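Here are a few exercises to work through with the model open beside you. Try each task before reading its solution.

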Amino acid sequence: MRKIWIIAKRELAAYFATPVAFVFIAIFVGLTGAFAFYIGDFFDQNQASLQNFFSHHPWLYVLLVPAVAMRLWAEERKSGTIEQLLTLPVTTTQAVLGKFLAAWLFCGIALALTVPMWITVNVLGSPDNGVIVLSYIGSFIVAGAFLSIGICMSALTRNQIVAFILGAAVCFLFTMSGLDMVLNAFRGWAPEAVVDTIASFSFLTRFDGMTRGVVAARDFVFFFSLMAFWLFAAILAVDTRKGA
Amino acid sequence: MTVMVEIDQLSKSFGDFRAVDGISLTVSKGEVLGFLGPNGAGKTTTMRMVAGFLTPSGGTARVCGRDVVQDPTGVKSMLGYLPEGSPSYDDMTVSGFLKFIAEIRGYDGAERNARVENVVARLGLGDVVDRPIDILSKGYRRRVGLAQSILHDPPVLILDEPTDGLDPNQKHQVRSLIAEMAAEKAIIVSTHILEEVEAVCTRAVIISGGRVLADGTASQLRTRLPESHAICVVLPQAAAGAAASHFKALASVAAVFETPAENGNVKLRITPKGETALAAEISAAVRQEGIPAVEVYQDRSSLDDVFRLITTGAAPRAAA
């Protein structure tokens, strides 16, 4: 546990070693605001609620989270530091979890900087703050699920751009899978059970419930088991491909 | 001598390619083992397996009694390892990087800082501790890598090409550091610079195609050359012909080769029959016949030739 934290600390510092981190945070905070105001018609809703603010988060994460995750392993392999890291007395699991934790904390920092939105709705009206807290937690967990996909894709390649594209593509599939657009493609021929399974993988549907204040244990189980699966895949990918 | 590293039938395949093919060797405390071989011989792959970075396809290695297949983390904690090219996190400062290594190695607070200060002083990194690693020169970067590998004072050190790409002064520094630590550690140094073997190693292993081809001290390896006891006589051109016929007349001389030397002189290279030592006979002949020799010396065949002979099978200087 201690080693995971030491690695996470180093990784988190590495994010802020370049101005890219600040640019990323500015883009995230700017876009979440812009989406809420322009696409979500924040003012015209006449509601003191952040639902329109949160509902766009998964879409932003599809592009932004793979960008956070892409360097985690691809860069280590490209620069050869993976050999330095994995010949220190740490296990691959500790290294993967440390990096994941750092990236997740980084997303958490970006998310925390949107709190002015929360303050704004409290000044303008009296929103259901319980729902907002739940939405923040949900958004953070969705970011973690996307990150676990991104870190696995990053472990597959030494090219950060490839890692980003793979990550964004897989995240996009998970986001889209609950929409009729996707499901209709299956409805014609696949058994209903298959369609339902595909629909159940949708991040959007599950996250939507959270932003409305619905706490369902199965949604948390879904996201955490998804993270566990992709992190496990990432550990395997690092172990089998580290020398390649 | 206590055996510290035991490599046992270690093999590694990448697909169909057998990079390391059953290497076995041991290194004891106080030994500096030179790991030689042409590029692609399997040196780096072998070292990576011993250091726990690559998983062996067959066989194993034990470091201080711990098995790298069963207990990789245990082996890693007994080892100091310098990867080829000493990659380190470029965006970190020297002290930040070394502190990270110290923490991972389990040192905290005052102990951590003391360890870092100790290696910074030992490797002369004082001037650059607060600089980011990516702006450092190659020599400094290598020293950061070395600092990282000895920070926890490990009983076993594995250094992959520690002097590659350094200038002669920096090479000398790295070699003195290795020599300094040699007594209380077991050290494996890979290199393809053969002078390095003579300078720092107590023993050399030559590998090629993933197999051990030779194992011994530098002088033991040298005797594997057929012409390892040749005597050279340098003398003016005018006297060369007569001298050569005198030498050829000696019973124990096999052949005399003539090559041009500096200042209009000629070098006669006299090879013995079998393993006879010619030095006394040749110098007696020089005195008796009044040959105006400028230099007479035993030709210590270079390790480069041994290396070429062993790794390619080509007999060196056969045509000379």
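**Exercise 1.** Is the crossing of helix 9 of chain A and helix 10 of chain A left-handed or right-handed? Then say which residues make the contact.

*Solution.* Keep in mind that this is a predicted model. Start with the geometry, since two packed helices are described by the angle between their axes and the distance between the axes. Helix 9 of chain A covers residues 129–156 and helix 10 of chain A covers residues 160–176; their axes come within 8 Å and cross at roughly 145°. Next, the handedness: this crossing is right-handed. Now list who touches whom. Helix 9 of chain A brings F146(A), I149(A), G150(A), M153(A), S154(A) and L156(A), while helix 10 of chain A answers with A163(A), L166(A), G167(A), V170(A) and C171(A). Finally, sort the residues of this contact: eight are nonpolar, three polar and none charged.

**Exercise 2.** How many residues does the contact take from chain A and from chain B? Work out the make-up of the chain A side too.

*Solution.* Count first: chain A puts in 19 residues and chain B 21 residues. On the side of chain A that touches chain B, helix 1 (2–15) and helix 6 (81–86) each supply at least two residues. Sorting that side of chain A gives seven nonpolar, eight polar and four charged residues.

**Exercise 3.** Where in chain B does pLDDT stay under 50?

*Solution.* Begin with the overall scores: ipTM is 0.87 and pTM is 0.84. Chain B averages a pLDDT of 85, with 93% of the residues at 70 or above. The stretch to flag is residues 315–320 of chain B, where pLDDT stays under 50; the model has eleven contacts beyond four places in sequence for it.

Technical notes:
Residues are numbered from 1 along each chain as its sequence is written. Chains are lettered from A and ligands numbered from 1 in the order in which they are written. This is a predicted model: local features need pLDDT of at least 70, side-chain atom pairs count only at pLDDT 80 or more; totals for chains, interfaces and linings use all residues. Axes are lines fitted to C-alpha atoms, for helices over the stretch in contact, and angles run from 0 to 180 degrees between N-to-C directions. Helices (H or I, at least four residues) and strands (E, at least two) are DSSP runs, numbered from the N terminus. A crossing is left-handed if the near helix is turned anticlockwise from the far one by less than a right angle, and right-handed if clockwise. Two residues are in contact if their C-beta atoms, placed from the backbone, lie within 7 Å. Ala, Val, Leu, Ile, Met, Phe, Trp, Tyr, Cys and Pro count as nonpolar, Asp, Glu, Lys and Arg as charged, and the others, Gly among them, as polar. pLDDT is the predictor's confidence in each residue, from 0 to 100.
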